Amino acid sequence: MDKLARISDQFFVTPWKDFEDLMELTFPRSFINKKHEVIDIENGKRILIDIPGRTKDNINIELKDDYLTVSGNKLEKEEGIFFKRSSSSQFSYSWNIDGFDQESIDASAKDGILSIDLKYKEEPKSSIRKINIS
């Protein structure tokens, strides 16, 4: 490796590596990226979404053309003697749920977590019928 490449690595890569290490210690990737997860349950899947500070009134769940979309927004306003503050946050997730029974979707919100249960479609059972010859 030539001298210029080593200097370049030290100048550009090392500070970013140190920054990434600091961010990982401060905000672990498991914490940052864990906004939602899909887990296996008996006969289907369960979608878990973090919704801290939101209520079911701030959440919208829609089903359109085999896509389940979960979205939400939150607007906070605070006023004091010397200040006014407002903030807003929103999210939206979509999943293709072809292969799941769309009539049996169940959702609940508790302790800052939205839980959506999806059950697999039941395959039509094939039956064999004997035909008598007359």
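## The nonpolar core

The largest nonpolar core of this chain has 14 residues, and within this core the residues with the most contacts are Ile-49 and Val-70. Two or more residues of this core come from each of the elements S2, S4, S5 and S7. The structure described here is a predicted model, and the statements that follow should be read with that in mind.

Val-70 gives a useful view of the surroundings of one core residue. When its neighbours within four places in sequence are left aside, Val-70 is in contact with Ile-49, the other residue named above, and also with Ile-59, Asn-60, Ile-61, Phe-91, Ser-92, Tyr-93, Trp-95, Leu-114 and Ile-116.

## The chain as a whole

The chain contains two helices and seven strands, and the order of these elements, read from the N terminus, is α-α-β-β-β-β-β-β-β. Of the 134 residues in the chain, 15% are buried. The accessible surface of the chain amounts to about 11500 Å², and carbon and sulfur atoms account for 52% of that area.

How much of the contact in the chain, counting separations of 6 or more, is due to residues 24 or more positions apart? Such residues make up 46% of the contacts with a separation of 6 or more.

## Salt bridges

Side chains of opposite charge can pair when their charged atoms come close. A search of the whole structure finds four salt bridges, and three of them are described here, one after another.

In one salt bridge, the side chains of Arg-46 and Asp-117 meet at 2.6 Å, taken from N to O. Arg-46 belongs to strand S2 (residues 44–50) and Asp-117 to strand S7 (residues 113–119), so this pair ties together parts that are 71 residues apart in sequence. Are these two partners buried, partly exposed or exposed? Arg-46 counts as partly exposed because its relative accessibility is 28%, whereas Asp-117, at 14%, counts as buried. Another salt bridge joins Asp-40 and Lys-45, whose closest N and O atoms are 2.3 Å apart. Here Asp-40 is exposed, with a relative accessible area of 58%, while Lys-45 is partly exposed, with a relative accessibility of 23%. Arg-85 forms a salt bridge with Glu-78, and in this case the closest N and O atoms lie 3.0 Å apart. Arg-85 is partly exposed, at 38% relative accessible area, and Glu-78 is partly exposed as well, at 36%.

## Aromatic rings

A pair of aromatic rings is described by the distance of the centres and the angle of the planes. The count for this structure comes to three aromatic pairs. In one of them, the ring centres of Tyr-93 and Trp-95 are 5.9 Å apart and the planes stand at 35 degrees, so the pair is tilted. Both Tyr-93 and Trp-95 are buried, and together with Phe-91 they form one aromatic cluster. Phe-91, Tyr-93 and Trp-95 are also among the residues that Val-70 contacts.

Phe-100 and Tyr-120 form an aromatic pair that is stacked, with 5.1 Å from centre to centre and 15 degrees between the planes. Phe-100 lies in the loop between strand S5 (84–96) and strand S6 (106–110), while Tyr-120 lies in the segment after S7, so this pair ties together parts that are 20 residues apart in sequence. The relative accessible area of Phe-100 is 11%, and this residue is therefore buried, whereas Tyr-120 is partly exposed at 40%.

## A nonpolar patch on the surface

Nonpolar side chains are also found at the surface, where Ile-81, Phe-82 and Phe-83 make a nonpolar patch of about 440 Å². Phe-83 is located in the loop between strand S4 (67–79) and S5, and this residue is partly exposed, with a relative accessible area of 40%.

## A buried serine in strand S7

Ser-115 lies in strand S7, and at 14% relative accessibility this serine counts as buried. Which residues does Ser-115 contact once its neighbours within four places in sequence are left aside? Ser-115 is in contact with Arg-46, Ile-47 and Leu-48, and also with Asp-106, Ala-107 and Ser-108. Among these contacts, Arg-46 has already appeared as the partner of Asp-117 in a salt bridge.

Terms used: Residues numbered from 1 in each chain as written. Predicted model: local features only at pLDDT ≥ 70, side-chain atom pairs only at ≥ 80, totals over all residues. Heavy atoms only, no water. Buried < 20%, exposed > 50% of the residue type's maximum accessible area, 1.4 Å probe, protein only. Helix = DSSP H or I, 4+ residues; strand = E, 2+ residues; numbered from the N terminus. Phe/Tyr/Trp six-rings, centres within 6.5 Å; stacked < 30°, edge-to-face > 60°. Patch = residues over 30% accessible without salt bridge, like charges linked within 9 Å, V, L, I, M, F, W, Y side chains within 5 Å. Areas by Shrake-Rupley, 256 points an atom, 1.4 Å probe, with all protein chains shown as cover. Contact = heavy atoms within 4.5 Å. Core = buried A, V, L, I, M, F, W, Y, C linked by side-chain atoms within 4.5 Å.
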